[in-house]
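Please look through the sequence and the model below before reading on. The paragraphs that follow start from a pair of aromatic rings and work outward to the core, one helix and some unusual backbone positions.

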Amino acid sequence: MTQGAGQEPVVRTATLRDFRVPPYAQVPMNAPSPHPGNVAVGDEPPEGYTPTERDLPVINRGDTVQVQTVQGARPAGESGPGPLYVVGDVHGYLDELLAAMCAQGLVDADGRWTAGNARLWFLGDFTDRGPDGIGVIDLVMRLSAEAAAAGGYCKALMGNHELLLLGAKRFGDTPVNSGAGTATFQAAWLLNGGQKTDMERLQDVHLQWMARLDAVVEEDGHLLMHSDTTAYLDYGSTIEDVNDTVHAILTRNDADECWDLFRKLTKRFAFRDEGGAQAVRELMATYGGRRVVHGHSPIPYLLGEVGSEEGEDAARPAVDGPHVYAEGLAIAMDGGVTMAGKLLVVQLPLRD
């Protein structure tokens, strides 16, 4: 799968045997992945590929804090835009999502919109690893109609797992240039928590909805995006340009081009270490906003509070709310629900 000095590249389609999976990740293919990273191809991860749990450094930065949020949706009768809420990575955990939204007053016990003219943004990654990704998509699609009827809205951004599911459905085992030989969307999807029940229930309406999602938006001074990466800059100098470019790539339906988009939006940790605040400033200088709000990278890894997989009595990730870092310029929203963390639904702006 890799090419050494002076050797001709080996070009063949990767099979599941070619993906090196750490022992703790060797679970049934239809079971949730126990780690938040994405599995790499071959011995050396290709450029931009998200590291596995084995490879992620554990840090505990002194400039990072967790914050509580202001709750309460504005009644539908009041003038002006309603309160703004964001939702972190869901990954198929439908019950946890409904519970978190109900606690914020966004839906009732039956999962119906009750927030009037509130504005709600999902930050992407609806499927994979958890039990009911299609159920999550169906819920978001229904709430979009219900919120609009009440004078609010419910919208969603494109995550790397939406790109992965789209690719697995469209291209299957078609070889793509992964940067380390060849790979396939199908193999990558399975190894990154793809649920066969989701694929069986996937319909054209779901595919069309995912393909039309925007990648970046700005709301009330918050630059919303899925991934904590500056790779969005590769796709345009304005928010409109980025979204138009992503939509055009998905419309052209070229497997290699779609893989490159997936690979770039799978990058992470651009805002975490030295130079992280400057990376956030670069994004905001280009696209606007006073803070970046993202999902993708689980808060337990940003905090260095990583749960053990030894058993139920082992330590669990301690996530009470969103995570502010990069000199206060970035807000992380992936509470690590796939690793016994918390599915976050919070109101912006945060009360620091």
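Are Trp121 and Tyr153 buried or exposed? In this model, which is a predicted one, Trp121 is buried, and Tyr153 is buried as well. A search of the whole structure finds 7 aromatic pairs, and Trp121 with Tyr153 forms one that is edge-to-face, with 6.3 Å from centre to centre and 75° between the planes. Because Trp121 belongs to strand E3 (residues 119–122) and Tyr153 to strand E4 (residues 153–156), this pair ties together parts that are 32 residues apart in sequence.

Another edge-to-face aromatic pair is made by Phe185 and Trp259, whose ring centres are 5.0 Å apart and whose planes are at 70°. Phe185 lies in helix H4 (residues 185–191) and Trp259 in helix H8 (residues 255–264), so here the parts tied together are 74 residues apart in sequence. Phe185 and Trp259 are both buried, and ring pairs join them with Phe171 and Phe262 into a cluster. Rings also take part in arrangements with charged side chains: the charged end of Arg268 sits over the ring of Phe269, 5.8 Å from its centre, and Arg272 lies over the face of that ring of Phe269, at 4.1 Å from the ring centre.

With these ring contacts in view, the overall make-up of the protein can be set out. Its secondary structure comes to 10 helices and 12 strands, and of its 352 residues, 57% count as buried. Among contacts with a separation of 6 or more, 75% are between residues 24 or more positions apart. The protein exposes about 14300 Å², of which carbon and sulfur atoms supply 47%.

The next topic is the interior. In soluble globular proteins, nonpolar side chains tend to be buried together. Here the largest nonpolar core has 99 residues, and those with the most contacts inside it are Leu97 and Phe122. Helix H2 gives the most to this core, with 7 residues. Once its neighbours within four places in sequence are left aside, Phe122 is in contact with Val87, Val90, Leu97, Met101, Val140, Cys154, Lys155, Ala156 and Leu157.

Val136, whose place is in helix H2, offers another view of the packing. Its relative accessible area is 0%, so Val136 counts as buried. Leaving aside neighbours within four places in sequence, the contacts of Val136 are with Val90, Gly92, Tyr93, Leu94, Leu97 and Phe126. For one of these residues, Tyr93, the C-alpha atom is separated by 7.5 Å from that of Val136, although the two are 43 residues apart along the chain.

Leu97, which appears in the contact lists of both Phe122 and Val136, leads to helix H1. The buried residues of H1 (residues 94–103) are Leu94, Leu97, Ala100 and Met101. Seen down the axis of H1, these buried residues fall within an arc of 130°, and they therefore line one face of the helix. On the face turned away from that buried side, H1 carries the exposed residues Asp95 and Ala103. The cover over the buried residues of H1 includes strand E2 (84–87), E3, helix H2 (133–149) and strand E12 (345–348). Just after H1, Gly105 takes a positive phi of about 80°.

What remains is the backbone at several further positions. Most residues other than glycine have a negative phi, and most peptide bonds are trans. Arg129 is not a glycine, yet its phi is positive, at about 80°; this residue is placed in the loop between E3 and H2. Arg129 has 2% relative accessibility, so it counts as buried. Ala326 likewise has a positive phi in a residue other than glycine, near 55°, and its place is in the loop between strand E10 (323–325) and strand E11 (330–332). With a relative accessibility of 6%, Ala326 also counts as buried. Finally, a cis peptide bond, with omega about 0°, joins Leu348 and Pro349, and Pro349 is found in the segment after E12, the strand included in the cover over the buried residues of H1.

Terms used:
Residues numbered from 1 in each chain as written. Heavy atoms only, no water. Phe/Tyr/Trp six-rings, centres within 6.5 Å; stacked < 30°, edge-to-face > 60°. Helix = DSSP H or I, 4+ residues; strand = E, 2+ residues; numbered from the N terminus. Buried < 20%, exposed > 50% of the residue type's maximum accessible area, 1.4 Å probe, protein only. Lys NZ or Arg CZ within 6 Å of the ring centre and 35° of its normal. Arc of directions from axis to C-beta. Contact = heavy atoms within 4.5 Å. Core = buried A, V, L, I, M, F, W, Y, C linked by side-chain atoms within 4.5 Å. Areas by Shrake-Rupley, 256 points an atom, 1.4 Å probe, with all protein chains shown as cover.
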